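Got your viewer open? Here is a short tour, stop by stop, with something to select at each one.

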Amino acid sequence: MSIKKTSLNNLHIKYGAKLVEFAGYQMPIQYKDGIIQEHKYTRSHSGIFDVSHMGQLFISGGDDLTNDLEKIFPADLKKLKTNQSKYSFLMNNKGGIQDDLIITKTSDGFLIILNAACKYNDYEVIKSKLDNQYKLNLDESLSLIALQGPEAKNVLNKVIPGCDSLKFMNGNNYVYKNEKVYITRSGYTGEDGFEISIKHSDAETFVESLIENGSKLIGLGARDTLRMEAGLCLYGNDLDNDTSPIEANLKWAIPKSRIETEFVGSEVLKNQFQSGVKKLRVGIKPDSKVIARGNTKIYNDKNQEIGKVTSGTFGPSVEHPIAMGYVDNSYSTVNTKIFLEVRGKKIPANICNLPFYKKNYVKGEINV
Amino acid sequence: MSEVKYSKEHEWIKLDGEEATIGITKHATEMLGDIVFAELPEKGSNVDKDGTAGVVESTKAASDVYTPVSGEVIDTNQMIVDDPSKINEDPEESAWFFKLKIKDKSEMDSLMSKEEYEKFAKETSA
């Protein structure tokens with residue numbers, strides 16, 4: 001299979017991107033400023049992220065769609081208002097996570113944003129679980145652009161007036177160059193921000209106008225350090241087919257109203273809610289400057305292996321190494337002393353609260 | 001007069017008498033990106049040509065630092081441990097990594113000149 005390019009590929013090259021292959025797409029890992037400057041610019045002003053490789057799955061048709069989707073996803077879709085979004089999961093029968101995703105109720109159905117590496121499989125899985133009456137469209141005619149940071153609302157409002165009135169985890173239709181765009185207030189950086197779904201042919205001029213208004217393109221490298229500081233999971237690193245939402249410490253995303261109901265993986269989750277889990281995702285702060293990356297083994301003070309790091313880096317805003325990973329539940333309490341095996345040495349560290357960096361979301365109603 | 005040479009692992013080495021100062025090249029820092037961590041060999045320890053003698057980490061990944069010659073570590077640069085971003089700023093001058101008392105000067109012979117290294121760096125990064 002040949003490598004795919006997003007509609008912003010020429011723009012990435014124009015702004016000096018280092019391009020890498022990610023999930024079958026040629027994507028920018030960083031631009032000229034480098035990861036740390038890009039990270040800090042997103043936190044202090046605003047950053048533009050090409051996330052067009054992610055899947056935009058539209059599902060519509062039939063009065064029972066909400067009911068039928070609730071048999072797949074553990075979200076409370078019946079309570080979802082039009083244009084409201086929820087974070088949820090596609091699970092397997094063992095309660096493991098096949099993908100983490102955002103479901104938004106649209107005027108005629110639902111829009112689900114899927115991870116790039118999972119999208120084609122997700123499509124097949126969801127299609128196989130739904131009746132033929134429903135229309136599924138994994139729409140590859142649309143780009144997806146995230147604008148994140150404290151100035152995101154001001155920058156976007158100059159280009160598409162009115163979008164600053166959106167509440168967090170809500171969306172709406174807007175018009176850009178006489179074409180419909182769909183904007184949600186959401187993101188993956190721990191900052192206020194938006195995700196804009198826009199026709200490929202308009203994406204480049206749209207991004208150029210964001211740049212003219214003071215924003216900068218940010219690569220996947222800084223996207224990763226930003227999401228880690230915000231304590232957010234990356235599918236494939238921190239979440240996988242053998243890990244449940246409860247183990248991933250994402251219990252908040254399973255509403256109480258759904259615990260007793262049936263959906264894919266519900267048996268396992270119900271069990272875990274009652275009897276607890278053996279491993280749990282935690283935040284990890286090394287005592288020293290040593291960075292513990294994914295797959296670093298975690299030990300207790302008796303030199304027994306108790307878990308493993310799933311993501312780790314240097315946090316440019318917290319100015320310290322940060323990590324997250326899974327430990328035996330009995331070691332998951334904040335301030336528990338643990339040891340990370342890096343280059344043959346045991347590096348002392350502490351279990352800590354997530355996020356590492358305090359969120360700056362614009363709150364609407366509390367909806368978790 | 002001092003002699004400066006370069007290794008295929010992207011280290012530079014400056015020899016003054018028996019004292020060799022070693023660091024990583026500007027080209028190496030450009031490939032690594034923002035450096036956020038540096039680990040140096042212990043003073044008094046002996047290192048062997050092409051052996052590991054430190055680590056640098058960028059936001060993305062960790063890389064070993066090798067010594068292009070053998071010798072005893074006589075000094076290390078605490079400045080780059082305290083502020084690893086100095087390595088990006090001034091890699092071939094103030095942000096040196098360690099100094100060795102060189103064991104065998106003939107080990108310098110197999111290393112590259114500046115021109116040879118620049119050609120090598122250009123070819124390998126293309």
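**Stop 1: a surface glutamate**

Select A:E21 to begin: this residue is exposed, at 57% relative accessible area (exposed means over 50%, partly exposed 20% to 50%, buried under 20%, with a 1.4 Å probe and protein chains only). Before you go on, note that this is a predicted model, where local features need pLDDT of at least 70, side-chain atom pairs count only at pLDDT 80 or more, and totals for chains, interfaces and linings use all residues. Residues are numbered from 1 along each chain as its sequence is written, chains are lettered from A and ligands numbered from 1 in the order in which they are written, and side-chain values use heavy atoms, leaving out hydrogens and water.

Now show the backbone around A:E21, and you'll see strand β2 (residues 18–22) of chain A; strands here are DSSP runs of E, at least two residues, helices are runs of H or I, at least four, and both are numbered from the N terminus. Add A:K5, 16 residues away along the chain: its C-alpha sits 9.7 Å from that of A:E21.

**Stop 2: the two domains of chain A**

Colour 1–232 of chain A as domain 1 and 278–352 as domain 2; these bounds come from an automatic or database domain assignment. Their C-alpha centres are 30 Å apart. Where they touch, domain 1 of chain A supplies 10 residues and domain 2 of chain A 12, contact being heavy atoms within 4.5 Å.

About 820 Å² is buried between these two domains, 66% of it on carbon and sulfur atoms (buried area is the accessible area, 1.4 Å probe, lost on putting two parts together, summed over both). On the domain 1 side, pick α2 (35–44) and α7 (220–229) of chain A, the elements that give two or more residues.

How many salt bridges are there between domain 1 and domain 2 of chain A? Zero, where a salt bridge needs a side-chain nitrogen of Lys or Arg within 4 Å of a carboxyl oxygen of Asp or Glu.

**Stop 3: where chain B meets chain A**

Bring up chain B: 17 of its residues are in contact with 16 of chain A. Together the chains bury about 1,300 Å², 47% of it on carbon and sulfur atoms. Four salt bridges cross this interface. Zoom in on A:R343 and B:E57, whose side chains form a salt bridge at 3.1 Å, N to O.

To finish, select α1 (26–32), β4 (35–39), β6 (52–58) and α2 (78–82) of chain B, the elements that each give two or more residues to the side touching chain A.
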